[in-house]
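Subject: Handover of a model for your review

Dear colleague,

I am passing on the model we spoke about, and below it you will find my notes on what came out of the analysis. Please read them with the coordinates open beside you.

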Protein chains: 4
Amino acid sequence: MNTRTAKKRQAGNNGSGRRAELLALAARLFADRGYVSTTVRDIADAAGILSGSLYHHFDSKESMADEILRGFLDGLFDTYAQIVAADLGPRNTLEAVVAASFRFIRDHPAEVAIYQNEAKHLAHLERFAYIDERNVEFRNLWRKILTDGVRQGVFREDLDVELVYRFIRDTVWVAVRWYNPAGTLSADDVAQQYLGILLDGIATRRRRTKKTGETHG
Amino acid sequence: MNTRTAKKRQAGNNGSGRRAELLALAARLFADRGYVSTTVRDIADAAGILSGSLYHHFDSKESMADEILRGFLDGLFDTYAQIVAADLGPRNTLEAVVAASFRFIRDHPAEVAIYQNEAKHLAHLERFAYIDERNVEFRNLWRKILTDGVRQGVFREDLDVELVYRFIRDTVWVAVRWYNPAGTLSADDVAQQYLGILLDGIATRRRRTKKTGETHG
Amino acid sequence: MNTRTAKKRQAGNNGSGRRAELLALAARLFADRGYVSTTVRDIADAAGILSGSLYHHFDSKESMADEILRGFLDGLFDTYAQIVAADLGPRNTLEAVVAASFRFIRDHPAEVAIYQNEAKHLAHLERFAYIDERNVEFRNLWRKILTDGVRQGVFREDLDVELVYRFIRDTVWVAVRWYNPAGTLSADDVAQQYLGILLDGIATRRRRTKKTGETHG
Amino acid sequence: MNTRTAKKRQAGNNGSGRRAELLALAARLFADRGYVSTTVRDIADAAGILSGSLYHHFDSKESMADEILRGFLDGLFDTYAQIVAADLGPRNTLEAVVAASFRFIRDHPAEVAIYQNEAKHLAHLERFAYIDERNVEFRNLWRKILTDGVRQGVFREDLDVELVYRFIRDTVWVAVRWYNPAGTLSADDVAQQYLGILLDGIATRRRRTKKTGETHG
DNA sequence: AATGAATGAGCCTTCATTCAT
DNA sequence: CATGAATGAAGGCTCATTCAT
């Protein structure tokens, strides 16, 4: 059913413009209130139309989330892939990927928030199977950077790569909860600060820190 | 309304036990499916009773979340306060607080998950105003540790304390999403790994890393 | 079921005293909030016990209303019957019945209110069939007084007896909504005022009022 | 919420018609079964739709009662105000107001019944505060008629105006419980009968009735 | 494209009642 | 007599979705 709408979706999300507007509206609401708590009428109200009218543009609320997430993940993967393809070496690659991620937070905060907060639940639905697939891709990509770095002696060899990957991934993406593009720190500032900590730690450098710290005053 | 039940609750969660059971059940479901997506029937089903019967123990679904979150935040704050009171110096305090947090994730995963995923939305409700109050307390506590450390030369002086606080807070708590108590890594293992990275970074130590890294191969 | 309780009820409502207390409590609540809007727990709360415990005394909420209404109607009928038996003549009988009614309002405001507000709905239930029976008795009683009065020339012969009966009945009983025993007017005061109006009207007595009043300044 | 619907309501009950239909249905049910005992499903069933569909037209069950009562009280007040404005003198004004009231009973029996039976309870809710305000207005209006009449010597000077006002008000409105528009008596017949009694009393006119009646045979 | 009316399923909650202790 | 836990039915309301106009 809904042949016309379906056709348009097939045709790519350029066209109408109205589509993109509605999607952006929905994304912001999903991000702010949560996917389940956002009603179709909330979206329609924001667009100044009646809830039923939304179904001229989208098959369902789920489709909206789908389109939003798919677009976000595709864009993110493209970016990551380009960085990796540049072959900058583990350290620079890591820095570039982190910086790119913070820029994504700056440019697509709603999408990132949805990815952070809703992906886990949505991934259970068949149509969102690609979420887990993308997660696997991203994990591999990250682990390769880290593993290469360790092998090349750029990163410490005592690292638990899986753990480091998770820490980085989480820290970066959760920043969407507080990062404010209008604030004093640019996305690149934040990235630099984070990379500073990640690479060199917050401790001062008198001597190498032992596994279990002895008492310092 | 529900004066009788309320009275009992006030009196402490002595006796019943059933209360605690139900609360634990609810917490797990809230954590797994999200607060809004968890129906009262889900909880009742899990407890083997009818949904209406839950209201013999609790005033509302909201009260359950309230009780869960309140208990969690009180417990967490007590723990933090004890550590701070021990006056171990910034570095050891930081290590102790991080370790304690991972132990909370191990021991109260559902509560932590609810705090992570639902607190933001619930905090809008008047009855959950204490969430924001606690957040302020925690922020002050963390910032003091970091600020003291910088002043004492234990932590680098070029740190943006607010940013570091956020990175730590987020990284630690988001770990609830993947930390598995039944896995090979103990909570303390994870804490040590994280502290290792946080304090000393992941980079190897040939030379001090510059602010803006030139190309290292 | 509930043999013991049933036995006690059979035995007459003297005994316990607790029974009467509870019934009085229930009556007041039924009167104030309405029968449907009064919950069994409201009554139990007022009595300082748990709602389930009420069922030691009464079979059901309906039984309480039943007992209250039955008692009220029996008492009222006894009173009316005694007045009629005194054979005072239509006018004095009418005055006595009106006065007795206002005294009932003073002494049993809750019961009267329940009769006024709930009887209509309860009467549909089989167990409350006696309500309509009583209403018929009362109607006959009232109509006889009026008819006798007309026949004896004490009351105007152009009266529509049925209508007069309804006007009197309604006006008297609805007074339960506003009559305040603690106020300045005694029940007998109110009765006298009403009888004054009912018997002689509120118009001044220049001349007999015509059926359709011409214009008076 | 339900902004759209609300907007339409504001705009006047033009167009829809459906709204008015549903409201009339609801009014009849509220009147017959009582407000609390009438379920939203009852109303929907009567309208041949599902209960949820009612919420396309109204915000809540309460709103329906609100709209019904508000409309009724506004209409009634307009009518009374016009009569008062005609300045017919106390007696004719009283007659006109009584007659108008019985016509309201004839034309809007459901609304009157709701006013009689439910207003007291609803008035406790903030949104129904206007009920008490209207009651005050009506009371003033009635008392003025009576007071003027007494001052002009048209009504007896020994009247307790407040009491007379209450008797009239109650007698008139309670008639909604039994008045049947399809019966032999027209609303104006009933009004005339009642006015006959109210003005001149039911007693025959040999002599002025004394305060306390001596024995007549 | 959009409206407006409706569906149908489900949600949170209430409440009279039961019953083992 | 009373408690405390539970039942089962129902109630008001929400919401994604459909569809004729």
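The surface near DNA strand E is made up of ten nonpolar, 18 polar and ten charged residues, and please keep in mind throughout that this is a predicted model. In total, 38 residues surround DNA strand E, and the closest of them are A:Ser53, A:His56, B:Tyr55, C:Val40 and D:Ser53. On the DNA side, sugar and phosphate account for 63% of the atoms of DNA strand E that come within 4 Å of the protein.

Three individual contacts to this strand may be worth a look in your viewer. The side chain of A:His56 places an N or O atom 2.4 Å from a base nitrogen of DNA strand E, whereas A:His57 has a polar side-chain atom 2.8 Å from a phosphate oxygen of that strand. From chain B, a polar side-chain atom of B:Tyr55 lies 2.3 Å from a phosphate oxygen of DNA strand E. As for secondary structure, at least two residues of the surface near DNA strand E come from each of α1 (3-10) of chain A, α3 (40-47) of chain B and α3 (40-47) of chain C.

Turning to the other strand, 35 residues lie around DNA strand F, and those that come nearest are A:Tyr55, B:Ser53, C:Ser53, C:His56 and D:Tyr55. Here sugar and phosphate make up 65% of the strand's atoms that come within 4 Å of the protein, and by class the surrounding surface has ten nonpolar, 16 polar and nine charged residues.

Chain A approaches the phosphates of DNA strand F through its backbone: a polar backbone atom of A:Val40 is 2.7 Å from a phosphate oxygen, and a backbone N or O atom of A:Thr38 lies 3.5 Å from a phosphate oxygen. With B:His57, by contrast, a polar side-chain atom lies 2.8 Å from a phosphate oxygen of DNA strand F. The elements giving two or more residues to the surface near this strand are α3 (40-47) of chain A, α1 (3-10) of chain C and α3 (40-47) of chain D.

Finally, how are chains C and D related? A rotation of 180°, with 0.1 Å of shift along its axis, superposes chain D on chain C with an RMSD of 0.1 Å, which is the relation of a two-fold axis. Both copies use the same surface, since 97% of the contact residues of chain D recur in chain C. Within chain D, the residue that comes closest to the rotation axis is D:Gly201, whose C-alpha is at 1.9 Å.

Best regards

Notes
Residues are numbered from 1 along each chain as its sequence is written. Chains are lettered from A and ligands numbered from 1 in the order in which they are written. This is a predicted model: local features need pLDDT of at least 70, side-chain atom pairs count only at pLDDT 80 or more; totals for chains, interfaces and linings use all residues. Side-chain values use heavy atoms; hydrogens and water are left out. A residue is near a molecule or strand if one of its heavy atoms lies within 4 Å of it. A polar contact is a pair of N or O atoms within 3.5 Å; within protein, one must be able to donate a hydrogen and the other to accept it, and residues adjacent in sequence count only if both atoms are side-chain atoms. Helices (H or I, at least four residues) and strands (E, at least two) are DSSP runs, numbered from the N terminus. Ala, Val, Leu, Ile, Met, Phe, Trp, Tyr, Cys and Pro count as nonpolar, Asp, Glu, Lys and Arg as charged, and the others, Gly among them, as polar. Copies are superposed by least squares on the C-alpha atoms of residues with pLDDT of at least 70 in both. Contact means heavy atoms within 4.5 Å.
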